[in-house]
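Dear colleague,

Here is the structure I said I would pass on. Please look through it alongside the notes below.

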Amino acid sequence: EADVACFSFQETKTMTTGGEGGMVITDNEEIAEKCRTIRNHGFQYASSLSLCYNFRMTEIQAAFGLAQLKKFPAMLKLQTDNAEYIINHLPNGIHPPRITNWSVPNWYIIGCTYDEKEAGMPRAEFIDRMTKLGVNRSVPGGTVGPGYQLLIYDRPFFKDLKSECPNAESLKSRWLWLDIHRWREPEEVKKDVEIMHEVLR
């Protein structure tokens, strides 16, 4: 059990407030008050002893988000159903993530691993073929890609924190992130999966 959970409403997420945005939930009143303070210039502008910001949501964003919230159950079901179809019909060489029995994923991204030997072609070639065939369009809801290729400590600001992370390093060459299930009709998803099978046949 956690003290805090957070949600992103950035424009490419499952539910959005029409741009940047997010939400923090907690049942700890001390943490809730600190979040309110950070969000609103120290809450009373001068009473906070820590650095605070202007993270207040606009009224139009809130209205947009509330309208999205009404549609959220249907959007999430479509996204989940599409993702589960993909996971259950992946071609050889593409392995979906393991899911614990205590979690329920929303499948924002299907983070797979790619086994080049089993698949029969290099990952880069597979992604290139997906691009040429129109499956990978490098847009939200239409991406077959290598995932993040930089770890946090690869970025200049965090370089002094660099340590040995062999698992993360090895994953960079094996990740295959699928985002071909969001905002898509099931028939579109099935067609993309068929193309994946044809390429790796």
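The notes below cover a sheet, a pocket and one loop residue.

Please keep in mind that this is a predicted model.

Sheet

Four strands make up an open sheet, and their order is β3-β4-β6-β5 with antiparallel pairing. The edges are β3 (94-95) and β5 (143-145), each of which pairs on one side only. In general, the strands of a sheet pair through backbone hydrogen bonds, either parallel or antiparallel.

Going through the sheet from the β3 edge, β3 and β4 run antiparallel and are joined by two bridges. In this pair, I94 stands opposite Y114 of β4. Next, β4 and β6 are joined by four bridges, again running antiparallel. Here T113 has W175 of β6 opposite. At the other edge, β5 pairs with β6 (residues 175-179) in the antiparallel sense, over three bridges. V144 stands opposite L178 in β6.

The two faces of β4 (residues 110-114) can be told apart. I110, C112 and Y114 form its covered face, while G111 and T113 form the uncovered one. This fits the general pattern, in which side chains of a regular strand alternate between the two faces of the sheet. Of the residues named in the pairings above, Y114 is thus on the covered face of β4 and T113 on the uncovered face.

Pocket

The largest pocket has a volume of about 810 Å³. Its lining comes from 24 residues, and those nearest the centre are G22, M23, V24, R39 and M57. The elements that contribute two or more residues to this lining are β2 (22-26), α1 (29-39) and α2 (59-88). By residue class, the lining of the largest pocket divides into 13 nonpolar, seven polar and four charged residues.

Loop residue Q10

Q10 is in the loop between β1 (4-8) and β2. Is Q10 buried or exposed? Its relative accessibility is 18%, and because the cut-off for buried is under 20%, Q10 counts as buried. The side chain of Q10 makes a polar contact with the side chain of T12, at 2.6 Å. When neighbours within four places in sequence are left aside, the residues in contact with Q10 are M15, T16, G19, E20 and G21.

Those are the points I wanted to hand over.

Best regards

Definitions and conventions. Residues are numbered from 1 along each chain as its sequence is written. This is a predicted model: local features need pLDDT of at least 70, side-chain atom pairs count only at pLDDT 80 or more; totals for chains, interfaces and linings use all residues. Side-chain values use heavy atoms; hydrogens and water are left out. On a 1 Å grid over the protein atoms alone, a cavity is a set of points where a 1.4 Å probe fits but cannot get out, and a pocket is an open set with protein on both sides within 12 Å along at least five of seven lines; lining residues have an atom within 4 Å of a point. Grid points are joined across faces, edges and corners, and a volume is the space filled by probe spheres set on the points. Ala, Val, Leu, Ile, Met, Phe, Trp, Tyr, Cys and Pro count as nonpolar, Asp, Glu, Lys and Arg as charged, and the others, Gly among them, as polar. Buried means under 20% relative accessible area, exposed over 50%, partly exposed in between (1.4 Å probe, protein chains only). A polar contact is a pair of N or O atoms within 3.5 Å; within protein, one must be able to donate a hydrogen and the other to accept it, and residues adjacent in sequence count only if both atoms are side-chain atoms. Contact means heavy atoms within 4.5 Å. Two strands pair if DSSP finds at least two bridges between them.
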